[in-house]
Amino acid sequence: ALASTKVAVLLVTPDFLASDFIHEHELTPLLKDAEKGGVWIIWIPVRACSYRETPLKDYQAAIDPKKPLANMKAERDKAWVTICEKIKEAVGH
């Protein structure tokens, strides 16, 4: 499924970034395809993490990484609307 995807939605947490499996089998191939223009990367900061130490720093997050979903209260619904709009845009692109 990863080889044929055009849009990748990544829910980014410290555990996501620490996973060797995700790094080797999912993230690396997706990022290589994104560099060639074959995949649109949409990453969502779910919890605060060291994304700046990863290649994700070169991709636009769906929402401000300084305000991950887990830290939001009243703004969370609005953030999900923004995320859904970005996914819809990517799928239609």
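What follows is a short chat about a predicted model of a protein chain.

User: What sort of model is this, and how are residues numbered?
Analyst: This is a predicted model, in which local features need pLDDT of at least 70 and side-chain atom pairs count only at pLDDT 80 or more, while totals for chains, interfaces and linings use all residues. Residues are numbered from 1 along each chain as its sequence is written, and side-chain values use heavy atoms, with hydrogens and water left out.

User: What is the mean pLDDT of the chain?
Analyst: The mean is 92, and 99% of the residues reach 70 or more. pLDDT is the predictor's confidence in each residue, from 0 to 100.

User: Which elements have the lowest and highest means?
Analyst: Helix α3 (residues 76–92) has the lowest mean pLDDT, 92, and helix α1 (residues 14–18) has the highest, 96. Helices (H or I, at least four residues) and strands (E, at least two) are DSSP runs, numbered from the N terminus.

User: Changing topic. How many residues are in the largest nonpolar core?
Analyst: That core has 16 residues. Those with the most contacts inside it are Leu 10, Val 12, Phe 16, Leu 27, Ile 41, Trp 43 and Leu 56. β1, α2 (20–35) and β2 (40–45) each supply at least two of its residues, and α2 gives the most, with five. A nonpolar core is a set of buried Ala, Val, Leu, Ile, Met, Phe, Trp, Tyr and Cys residues joined through side-chain atoms within 4.5 Å. Buried means under 20% relative accessible area, exposed means over 50%, and partly exposed is in between (1.4 Å probe, protein chains only).

User: What does Leu 27 touch?
Analyst: Not counting residues up to four places away in sequence, Leu 27 touches Leu 10, Phe 16, Ile 22 and Leu 56. Contact here means heavy atoms within 4.5 Å.

User: And what lies apart from that core?
Analyst: Another core, of ten residues, lies apart from it; among them are Val 7, Ala 62, Leu 69 and Ile 83.

User: Where is Leu 69?
Analyst: Leu 69 is in the loop between β2 and α3. Its relative accessibility is 5%, so Leu 69 counts as buried. Beyond four places in sequence, Leu 69 touches Ile 44, Pro 45, Val 46, Ile 63, Arg 76, Ala 79, Trp 80 and Ile 83. Leu 69 and Val 46 are 23 residues apart along the chain, with their C-alpha atoms separated by 4.8 Å.

User: Pro 45 is on that list. Which residues is Pro 45 in contact with?
Analyst: Leaving aside neighbours within four places in sequence, Pro 45 is in contact with Val 12, Ala 61, Ile 63, Asp 64, Pro 65, Pro 68 and Leu 69. Pro 45 is found in strand β2 and counts as buried because its relative accessibility is 1%. From Pro 45 to Lys 66, 21 residues apart along the chain, the C-alpha separation is 8.4 Å.

User: How many aromatic pairs are there?
Analyst: There is one aromatic pair. The rings of Trp 43 and Tyr 51 have centres 4.9 Å apart and planes at 45 degrees, so the pair is tilted. Rings of Phe, Tyr and Trp (its six-membered ring) pair if their centres lie within 6.5 Å; planes under 30 degrees apart count as stacked, over 60 as edge-to-face and the rest as tilted.

User: Are those two buried or exposed?
Analyst: Trp 43 and Tyr 51 are both buried.

User: How many salt bridges?
Analyst: The structure holds two. A salt bridge is a side-chain nitrogen of Lys or Arg within 4 Å of a carboxyl oxygen of Asp or Glu. Asp 33 forms one with Lys 36, the closest N and O atoms being 3.9 Å apart. Asp 58 forms one with Lys 57, where the closest N and O atoms are also 3.9 Å apart.

User: Is Asp 33 buried or exposed?
Analyst: Asp 33 counts as partly exposed, at 23% relative accessibility, while its partner Lys 36 is exposed, with a relative accessible area of 69%. In the other bridge, Asp 58 counts as exposed at 59%, and Lys 57 counts as partly exposed at 47%.

User: Last one: where is Thr 5?
Analyst: Thr 5 is in the segment before β1 (7–12). A polar atom of the Thr 5 side chain lies 2.8 Å from the backbone oxygen of Val 7. Leaving aside neighbours within four places in sequence, Thr 5 is in contact with Leu 30, Gly 38 and Val 39.

Key
A polar contact is a pair of N or O atoms within 3.5 Å; within protein, one must be able to donate a hydrogen and the other to accept it, and residues adjacent in sequence count only if both atoms are side-chain atoms.
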